[in-house]
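Me: I'd like a close look at one part of this model: the metal site and the empty space around it. Could you walk me through it in one go, and bring in whatever else connects?

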Amino acid sequence: MKRRQFLSLAPAAGLATLPATFARAHDAAPHSLPQAQRRAVGDITVTALSDGGIALGHGLLQGISEDDYAAILTAAYRNPAGFLSGVNAFLIETGDLKILVDAGTGGAFGPEIDNLPANLAATGTAPGDITHLFATHLHPDHVGGAVRDGMAVFPNAELVVHDADRAFWGTPENFTAMPEMMQNFAAMAQGVLAAYGDRLRTFDAEAEIAPGLTTLPLPGHTPGHSGLMVASGDAALLIWADIVHVAPVQLARPAVTIGFDVEPALAASTRAALLDRVATDRLMIAGSHIGFPGLATIARAGDGYAAIPAPFDYGAA
Ligand SMILES: [Zn+2]
């Protein structure tokens with residue numbers, strides 16, 4: 001019923017032929033201006049990097065009428081008929097470490113969303129400089145860019161991922177009875193796991209992966225979906241990954257789920273609990289799918305929440 005719209009995210013050159021994209025040479029034109037924005041979190045620097053914008057529509061969501069969807073987006077001054085969400089990654093620099101949080105699509109959703117390599121290069125960072133690739137989860141918009149031509153894009157990086165995502169996506173037998181899209185997602189994840197081989201580090205709870213960087217399992221969207229808390233001195237930022245995909249709608253209505261959720265009910269309860277926490281703590285968050293640069297604090301609004309965009313950090317720019 002919603003399958004056609006579901007697959008509208010997968011243009012002919014994209015997910016439908018996902019394994020073939022491994023062989024595609026990277027030929028995306030660089031932007032004339034970089035889409036990268038730096039922010040200081042105490043002594044740690046976090047740089048938001050855009051991979052591009054992705055169209056998401058009502059047909060992907062569950063738990064909201066089309067009229068309510070349109071009303072919420074219209075009230076947020078967005079076009080309900082053409083909502084564009086962001087695809088963001090984040091570079092964390094602390095001491096000698098350069099931790100990339102997610103690797104973009106790598107062209108898995110078509111060549112028009114594959115801007116992370118150019119934006120990372122604009123920060124003066126080469127792929128070989130990345131010491132850790134923290135994958136919030138193993139969906140193709142987060143690890144598609146970790147591999148090209150079957151090779152690890154980040155040759156010196158340790159791949160850090162929740163063990164539940166490694167186990168779920170890394171087991172082909174889990175997908176034999178699933179739709180083609182899920183099989184394509186799994187094939188890409190397995191290609192990433194194979195490319196990084198022994199350079200894999202897993203965790204299964206809150207774990208400090210580097211000084212000031214602590215994983216935060218946020219299960220539901222995928223079994224091992226995880227955020228990363230960045231803390232230095234009195235400053236903190238939570239990279240919350242895919243807690244929302246259509247931000248105005250899922251902040252106003254946290255019970256609304258998306259067709260990519262592996263366990264929708266758990267994703268919704270995880271979202272509700274985390275929104276309450278970050279609103280109470282006034283904790284700044286960074287979202288994979290909040291419009292670039294994806295940085296905000298979360299305020300209570302009516303029965304739900306709203307995002308207050310973070311002020312630009314002039315000192316870190
Ligand atoms: Zn995502």
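Cavity and metal site

Reply: Start with the lining of the second largest cavity: L218, P219, H221, H225, D242, I243, H245, D261, A267, T270 and R271. Keep in mind that all of this is a predicted model. A search of the whole structure turns up three cavities of 30 Å³ or more, and this one holds about 50 Å³. Its lining is a mixed bag by class, with four nonpolar, four polar and three charged residues.

D242 is the link to the metal, since it appears both in that lining and among the protein donors of the zinc ion. The full donor set is D141 (OD), H142 (NE2), D242 (OD) and H289 (NE2), sitting 2.1 to 2.2 Å from the ion. What is the geometry like? The four donor atoms make angles of 86 to 169 degrees, and the site is irregular. For reference, four tetrahedral donors would ideally sit at 109.5 degrees. The tetrahedral label needs all angles between 85 and 135 degrees, so the 169 at the top end rules it out.

Along the chain, the donors follow the spacing D-H-x99-D-x46-H. D141 comes from helix α5 (residues 140–143), while H289 comes from the loop between β16 (284–287) and β17 (295–301), so this pair ties together parts that are 148 residues apart in sequence. Are those two donors buried or exposed? D141 is buried at a relative accessible area of 12%, and H289 is buried as well, at 3%.

The loop holding H289 has something else to check: P293 is in the loop between β16 and β17 too. The peptide bond from F292 to P293 is cis, with omega near 5 degrees. Most peptide bonds are trans, and most residues other than glycine have a negative phi.

That second habit has exceptions here as well. Y77, in the loop between α3 (66–75) and β4, has a positive phi near 60 degrees. D102, in the loop between β5 (97–101) and α4 (116–122), has a positive phi of about 75 degrees. Their surroundings contrast: Y77 is exposed, at 77% relative accessibility, whereas D102 is buried, at 1%.

Now for the open space. The largest pocket has a volume of about 410 Å³. It is lined by 28 residues, and R78, A247, I290, A307 and P309 are the closest to its centre. Several elements chip in at least two lining residues each: β1 (36–41), β4 (84–94), α8 (247–252), β17 and β18 (304–309). So strand β17, which closes the loop carrying H289, is also one of the contributors here. By class, the pocket lining divides into 20 nonpolar, six polar and two charged residues.

If you want a reference element elsewhere in the model, take helix α7 (residues 180–196). Its 17 residues reach 25 Å from first C-alpha to last, close to the 24 Å expected. Its buried residues include M181, F185, M188, V192 and Y196, while Q183, also in α7, is partly exposed at 33%. After the helix comes G197, with a positive phi near 50 degrees.

How values were computed: Residues numbered from 1 in each chain as written. Predicted model: local features only at pLDDT ≥ 70, side-chain atom pairs only at ≥ 80, totals over all residues. Heavy atoms only, no water. 1 Å grid on protein atoms, 1.4 Å probe; cavity = no way out; pocket = protein on both sides within 12 Å on 5 of 7 lines; lining within 4 Å. Points joined across faces, edges and corners; volume = space filled by probe spheres on them. Nonpolar A, V, L, I, M, F, W, Y, C, P; charged D, E, K, R; others polar. Donors = N, O, S within 2.8 Å, 3.2 Å for Na, K, Ca; no water. Tetrahedral: all angles 85-135°; square planar, octahedral: opposite > 155°, others 65-115°. Helix = DSSP H or I, 4+ residues; strand = E, 2+ residues; numbered from the N terminus. Buried < 20%, exposed > 50% of the residue type's maximum accessible area, 1.4 Å probe, protein only. Expected span 1.5 Å × (residues − 1).
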